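Here's a quick briefing to read alongside the model. Have a look at the overall fold before getting into the residue-level points.

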Amino acid sequence: HIFNISITPIQLSLKLTPMGRKGKFIPYVGGGVGLYLWNVRLNGDLVDFDDVWVYVPDGIDIYPITTVDAWESNRISFGYHAFGGIMVPFTKRMTFEVEFKYNVAKGELKEAFEGFEPFDLSAYQISLGLNYWF
């Protein structure tokens, strides 16, 4: 089967540099809240555990295979994130940055996935970037 997930985060963060912005290495930590826009689609063959048939001579449970094309689109969830990293200045106003971020969010599945547990949208990311200080 094919399982597709698309997540677009819109986040508001606060970054703190506890040791200041002077020095060759500038560690930082931060966190914030986010609005997560997501879509999920499942296409393929799945076992239908609701329609069991028992093979009588051996007492074996037999479950049918069902073809599924289910999706939920334009879903919105709220969550939060925490991050930490190091900035390395290479000019007076620019730094190179390495960051680790962990996002936490849960999505409620409704129409096509009725009866499923909340969908875990949590993830981590490692990113590289450039900062310009105004």
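**The quick picture**

This protein has eight strands and zero helices. From the N terminus on, the order of elements therefore reads simply β-β-β-β-β-β-β-β. Its radius of gyration is 23 Å, well over the 14 Å that the globule rule gives for 134 residues, so the protein is more spread out than a compact globule. Keep in mind that this is a predicted model.

**Confidence**

- The mean pLDDT of the protein comes out at 89, with 99% of residues at 70 or more.
- Strand 6 (residues 94-107) has the highest confidence, at a mean of 95, while strand 3 (residues 53-55) has the lowest, at 71.
- A general caution: where pLDDT is low, don't read the predicted coordinates in detail.

**Overall dimensions and surface**

- The C-alpha trace spans about 80 × 30 × 20 Å along its principal axes.
- Just 23% of the 134 residues count as buried.
- About 9,700 Å² of the protein is exposed, and 61% of that comes from carbon and sulfur atoms.
- If you take the contacts between residues at least 6 apart in sequence, 64% of them join residues at least 24 apart.

**Nonpolar cores**

- The largest nonpolar core is a set of ten residues: Tyr36, Trp38, Val40, Leu42, Ala70, Ala105, Leu109, Phe113, Phe119 and Leu121.
- Strand 2 (residues 26-47) gives this core its largest share, with four residues.
- Another core, of five residues, lies apart from it; Tyr28, Phe83, Met87 and Trp133 are among its members.

**A closer look at Ser77**

- Ser77 sits in strand 5, which covers residues 65-89.
- Is Ser77 buried or exposed? Its relative accessibility is 5%, and buried means under 20%, so Ser77 counts as buried.
- The Ser77 side chain reaches the backbone oxygen of Lys106 at 3.2 Å.
- Which residues is Ser77 in contact with, leaving aside its neighbours within four places in sequence? They are Gly34, Leu35, Tyr36, Trp38, Lys106, Gly107, Glu108 and Leu121.
- Some of those contacts lead back to the largest nonpolar core: Tyr36, Trp38 and Leu121 touch Ser77 and are also among the core's ten residues.

Conventions:
Residues numbered from 1 in each chain as written. Heavy atoms only, no water. Helix = DSSP H or I, 4+ residues; strand = E, 2+ residues; numbered from the N terminus. Buried < 20%, exposed > 50% of the residue type's maximum accessible area, 1.4 Å probe, protein only. Polar contact = N/O pair within 3.5 Å; in protein donor to acceptor, adjacent residues only side chain to side chain. Contact = heavy atoms within 4.5 Å. Core = buried A, V, L, I, M, F, W, Y, C linked by side-chain atoms within 4.5 Å. pLDDT = per-residue confidence, 0-100. Rg over C-alpha atoms; globule rule 2.2 N^0.38 Å. Areas by Shrake-Rupley, 256 points an atom, 1.4 Å probe, with all protein chains shown as cover.
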